Amino acid sequence: MEQSDTLNGYAILVSRAREHAGNGLEAAEALKKAVEDCIRDNILKEFLSRYGSDVINMLSMEFNLEDALRVRENDGIKKGIKKGKEKVAEKLLKRGTPIEIVAEDTELSVEQVERIAKKINAPA
């Protein structure tokens, strides 16, 4: 970045946008404020004065994509944990472990364990 003023300016812009977002501003507002800050501080001033709204739109989409991917990843992890608990419950039920103990050990509800037991035809 030291060799490219443009790349350094972009890094500063993104850093300021993330800082503003971290202080509670919505993504678009944080980006708008970061663009204003950079213009004021003569960072990419000519480019941002001309194309600032395009930059805000483009980076808003990028920030929203990052958020969406993070949410998707967290949902995937939660689903994976739930599936793992259900597999353990199936194994315990097949071994004849009482539903209440399976529920306690897997942290699934009794109702969830009963549904699993019905699905695999285990004694309730």
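The legends below describe an overview and several close-up views of a predicted model of one protein chain.

**View 1. Overall layout of the protein chain.**
The protein chain has five helices and zero strands, and its pattern along the sequence is α-α-α-α-α. Its radius of gyration is 26 Å, well over the 14 Å that the globule rule gives for 124 residues, so the chain is more spread out than a compact globule. Along the principal axes, the C-alpha atoms fill a box of roughly 75 × 30 × 20 Å. Of the contacts between residues at least 6 apart in sequence, 43% join residues at least 24 apart.

**View 2. Surface and charge of the protein chain.**
Buried residues account for 27% of the 124 residues. The chain exposes about 9,100 Å², and carbon and sulfur atoms supply 51% of this area. There are 21 positive and 23 negative side chains, and the centres of the two sets lie 7 Å apart.

**View 3. Histidine 20 in helix 1.**
Histidine 20 belongs to helix 1, which spans residues 5–22. With a relative accessible area of 11%, histidine 20 falls under the 20% cut-off and is therefore buried. Leaving out residues up to four places away in sequence, histidine 20 touches Leu25, Ala30, Lys33, Ala34 and Asp37.

**View 4. The loop between helix 2 and helix 3.**
Two residues of this loop are shown, asparagine 42 and leucine 44. Helix 2 covers residues 27–40, and helix 3 covers residues 45–94. Asparagine 42 is not a glycine, yet its phi is positive, at about 60°. Leucine 44, also a residue other than glycine, has a positive phi near 50°. As for accessibility, asparagine 42 is exposed, with a relative accessible area of 56%, whereas leucine 44 counts as partly exposed at 21%.

**View 5. The two sides of helix 5.**
Helix 5 runs over residues 110–119. Its buried residues are Val113, Ile116 and Ala117. Seen down the helix axis, these buried residues fall within an arc of 100°, so they line one face of helix 5. Arg115, Lys118 and Lys119 are exposed on the other side. Asparagine 121 follows helix 5 and has a positive phi, near 60°.

**View 6. Glutamate 90 of helix 3.**
Glutamate 90 is part of helix 3. This acidic side chain belongs to a residue that is buried, at a relative accessible area of 12%. Residues up to four places away in sequence aside, glutamate 90 touches Ile116, Lys119 and Ile120. Of these contacts, Ile116 is one of the buried residues of helix 5, while Lys119 is among the exposed residues on the other side of that helix.

**View 7. Isoleucine 120 after helix 5.**
Isoleucine 120 lies in the segment that comes after helix 5. Its relative accessible area is 22%, and the residue is partly exposed. Apart from neighbours within four places in sequence, isoleucine 120 is in contact with Glu90, Leu93 and Lys94. Isoleucine 120 and leucine 93 are 27 residues apart along the chain, and their C-alpha atoms are separated by 8.7 Å. The contact with Glu90 joins isoleucine 120 to a residue that is itself buried.

Notes: Residues numbered from 1 in each chain as written. Predicted model: local features only at pLDDT ≥ 70, side-chain atom pairs only at ≥ 80, totals over all residues. Heavy atoms only, no water. Helix = DSSP H or I, 4+ residues; strand = E, 2+ residues; numbered from the N terminus. Rg over C-alpha atoms; globule rule 2.2 N^0.38 Å. Buried < 20%, exposed > 50% of the residue type's maximum accessible area, 1.4 Å probe, protein only. Contact = heavy atoms within 4.5 Å. Areas by Shrake-Rupley, 256 points an atom, 1.4 Å probe, with all protein chains shown as cover. Lys, Arg positive; Asp, Glu negative; His and termini not counted. Charge placed at Lys NZ, Arg CZ, Asp CG, Glu CD. Arc of directions from axis to C-beta.
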